Amino acid sequence: MDQRIKEFVIAAILITASCSPAAPPTRSQARPSRDDVQIISPDGTIEISFTVDKGVPYYLVRRRGREVVGRSRLGLRFRSANFDRDLAIEHVQRRRQNTTWEQPWGETRFVRDHYAEATILLGQSIARNDPPSAHSGRLKLIFRAYNDGAAFRYVLPEQPQFGDFQITDERTEFRLGSAFQSAGGAHAWWIPAYQPRRYEYLYTKSPLSSLDKPVHTPLTVEAPGLAISIHEAALTDYASMTLKPDGQHALEADLVPWADGVRVKGKAPHSSPWRTIHIAERPGDLITSTMLLNLNEPNRLGDVSWVQPGKYVGIWWSLHTDKETWGPGPKRGATTKNAKRYIDFASKHGFSGVLVEGWNVGWEGEWFGAGERFRFAEAHPGFDLEQVARYAKKRGVHLIGHHENAGSVGRYEQQMNGAFALYEKHGVRVVKTGYAIELKTRWTDGSEHWHHGQFMVRHYRRVVEEAAKHKLMVNVHEPIKDTGIRRTFPNMMTREGMRGMEYNAGWNEEGGNPPDHVTILPFTRMLAGPLDFTPGIFKPYRRNGKTLYPASTLAKQLALYVVLYSPLHMVADLPEHYQGQPAFRFIREVPVDWHETRVLDGEIGATITVARKDRNSPDWYLGSITNAEAREVSVPLSFLDSGATYRATIYRDKTGYRDKTGHRVKAATQDENSHFERNPTAIEITEKNVAANDTLQLALAPGGGQAIRFALATE
Ligand code: NOJ
């Protein structure tokens, strides 16, 4: 069996036990009542309590005794019944799991799945204290306690009165507990839901109690010594969950509706996604949690040796900076000649993919929100797909196809299979999809659908499944949020779903991304999964008479390849902008598939330092970034193999740096120093030997960063 597809079990302990109505508590902190069910994580860190009080189900979550989520309601309301009251516990079944599985690609190669689980069967009584035999309906709740979080889902079992069903409301609450109500208070890092730009907003930090509109998940909330992220896992046939604040400390699930107001339509048996609460003392530990992946089903595609992470270049930045155009005219980017130029560049530097946007018919005039014209299996006359694909193959690279449907999903689905078959025939290995429309997408019958409702969740899932049939990897822009389905469908590589590099191209009236944006993303959006941010801008560019550059130093652009995780990372700048640039070496060398990831240091919105070990060599890579403030970060190199010597190639901001003992060894003048506004492209590259017992002092300029490759030195 292929090593890449093996999900093997290194150690498995499965204990199944049943008891009715509830198992005895195993911890003494809160004296549970007779009807309490306690679920305690394997090392005792996380404790979930479930109870039914006067017919209403509630749960509560503690971490080491601190109340993270206080007593919060659960329940579902259907058109035909309400499963949020008159409930009683009929049966509790417990299970524990301790297995390790291998990812075909990812931030970490081996993933431990270690939890305690309780499945609680609830019966609905007509009259109080009805015996189970008199119950009129049944709903299951499954809880899992991991050492770094809590998760639960609803399961509607098959039963006579639920063939087809319609959920009108989910009553799940997240009432943040006493740990978030201390003097320091709790503040949330949020983006608004139900807004025209989908997930493409800058994050706001504000007291939880000041939130006054629904927000997207993952939602990160911090209190002194505690950080949590509320999100969902395995969103495959359900509405996505937004969170409605109550103006104090509670958030309520708010499912994105269909046009008729119904939230979820289905047929029993049916499961909701998992509601997840990642919990950590340090926000950096939220990033390395694998709970989300563990809550998704194992690989369903079998042999995925055709799924291969890689870096890509493309006809893209030139379009956003208005140097070239998607549509016809003298500046058209997607020409046969131009595509060959990018292929030559990719081939020369070892990048596996070349994206060509604007290659197909339909880009005339304003295309945003006007996808009816797009034809996905037909190239415009100036682009010879067959010839370009053949040329790419000869040069050892593959094309990344582009399907911008501008929100016309009905038209897209009609053409999808033919378009995927065409790509497969020409050896295209990845498809980048796009849904550039405000608020709602359109189906062929004229109906309109939220990007995040169940209709679109089903659509995005169909695309991934259809693409797999044609051995295509998928990179979605304007996506539904990630909930870890890459475990089940390993061709679901990466997605946008945040303000990416394109916002720095000068077209956004509100300006580009500020320097702190990328110090927030790893603790918020990236908790959902990989992000196609498209880093690597090396040269300032001119637009409308202005010289522009992302609010970043060049060293920070390099560091983003390590800090931001994506199995497909773009090398976004124009080929000519990399010419004669020594710092380009880092981009050529940095891998996109990792054996292990460690978050060494991090403060949301301020700084983050990440080290990752290459999956295919003994080398480590490090990325460290800061917001608009200069800072020094001390990095003990204890993650390196002890006893080994590594050659460190250091790409750093010019700062008037200090040596190991803290002495300033060179005083760069103000003008020489790197600064995201004044001198963004100043960079220094040095080399030295280091070992695990060394500590590096990283000096980061305002808006700056540092990238390091640690190559195991051969004796
Ligand atoms: C928006 C995407 O985010 C961007 O990458 C793409 O270039 C345009 N849509 C056109 O598809």
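**Reading a predicted chain and its ligand site**

Guide: Buried residues make up 63% of the 715 residues in this chain. The model is a predicted one.

Visitor: What radius of gyration does the chain have, and what would a compact globule have with 715 residues?

Guide: The general idea is to set the value for the chain beside the one expected from its length. A compact globule of 715 residues would have a radius of gyration near 27 Å, and the chain agrees with this because its own value is 26 Å. Along the principal axes, the C-alpha atoms fill a box of roughly 80 × 65 × 50 Å.

Visitor: How many helices and strands does the chain have?

Guide: The chain has 10 helices and 43 strands. As for contacts with a separation of 6 or more, residues 24 or more positions apart account for 72% of them.

Visitor: What part of the accessible surface of the chain belongs to carbon and sulfur atoms?

Guide: That part is 47%, out of an accessible surface of about 26300 Å².

Visitor: Let us turn to the ligand. Which residues surround the ligand?

Guide: One begins by listing the shell. The ligand is surrounded by W316, H320, W326, E357, W367, H402, E404, K432, H477, E478, E496 and E502. By class, this shell has three nonpolar, three polar and six charged residues.

Visitor: Which side chains have an N or O atom at 2.9 Å, 2.6 Å and 2.8 Å from an oxygen atom of the ligand?

Guide: Polar contacts are read from distances between N or O atoms, with a cut-off of 3.5 Å. In the side chain of W316, an N or O atom lies 2.9 Å from an oxygen atom of the ligand. For E357 the corresponding side-chain distance is 2.6 Å, and for E502 the value is 2.8 Å. The protein covers 96% of the 290 Å² of accessible area that the ligand has on its own.

Visitor: Is H320, a member of that shell, buried or exposed?

Guide: The test is relative accessible area, and a residue counts as buried under 20%. H320 has 9%, so H320 is buried. This residue is placed in helix 3, residues 317-320.

Visitor: Which side chain does H320 join through a polar contact, and which residues does H320 touch?

Guide: The side chains of H320 and W507 are joined by a polar contact of 3.1 Å. Not counting residues up to four places away in sequence, H320 touches W326, E502, A505, W507 and R543. Of these, W326 and E502 also appear among the residues surrounding the ligand.

Visitor: Loops may be read in the same manner. Where is the place of Q103, and why does Q103 count as buried?

Guide: Q103 is in the loop between strand 8 (87-102) and strand 9 (110-124). Its relative accessibility is 3%, and therefore Q103 counts as buried. A polar atom of the Q103 side chain lies 2.9 Å from the backbone oxygen of T108. Leaving aside neighbours within four places in sequence, the contacts of Q103 are T108, R109, V111, L293, R486 and R615. By contact is meant heavy atoms within 4.5 Å.

Visitor: Where is N299 found, and what lies 3.0 Å from a polar atom of its side chain?

Guide: N299 is found in the loop between helix 2 (291-294) and strand 23 (310-315). The backbone oxygen of G302 lies 3.0 Å from a polar atom of the N299 side chain. At 18% relative accessibility, N299 counts as buried, because the cut-off is 20%.

Methods: Residues are numbered from 1 along each chain as its sequence is written. This is a predicted model: local features need pLDDT of at least 70, side-chain atom pairs count only at pLDDT 80 or more; totals for chains, interfaces and linings use all residues. Side-chain values use heavy atoms; hydrogens and water are left out. A residue is near a molecule or strand if one of its heavy atoms lies within 4 Å of it. A polar contact is a pair of N or O atoms within 3.5 Å; within protein, one must be able to donate a hydrogen and the other to accept it, and residues adjacent in sequence count only if both atoms are side-chain atoms. Accessible areas come from the Shrake-Rupley method with a 1.4 Å probe; for residues, only the protein chains shown count as cover. Ala, Val, Leu, Ile, Met, Phe, Trp, Tyr, Cys and Pro count as nonpolar, Asp, Glu, Lys and Arg as charged, and the others, Gly among them, as polar. Helices (H or I, at least four residues) and strands (E, at least two) are DSSP runs, numbered from the N terminus. The radius of gyration is taken over C-alpha atoms; the globule rule is 2.2 Å times the number of residues to the power 0.38. Buried means under 20% relative accessible area, exposed over 50%, partly exposed in between (1.4 Å probe, protein chains only).
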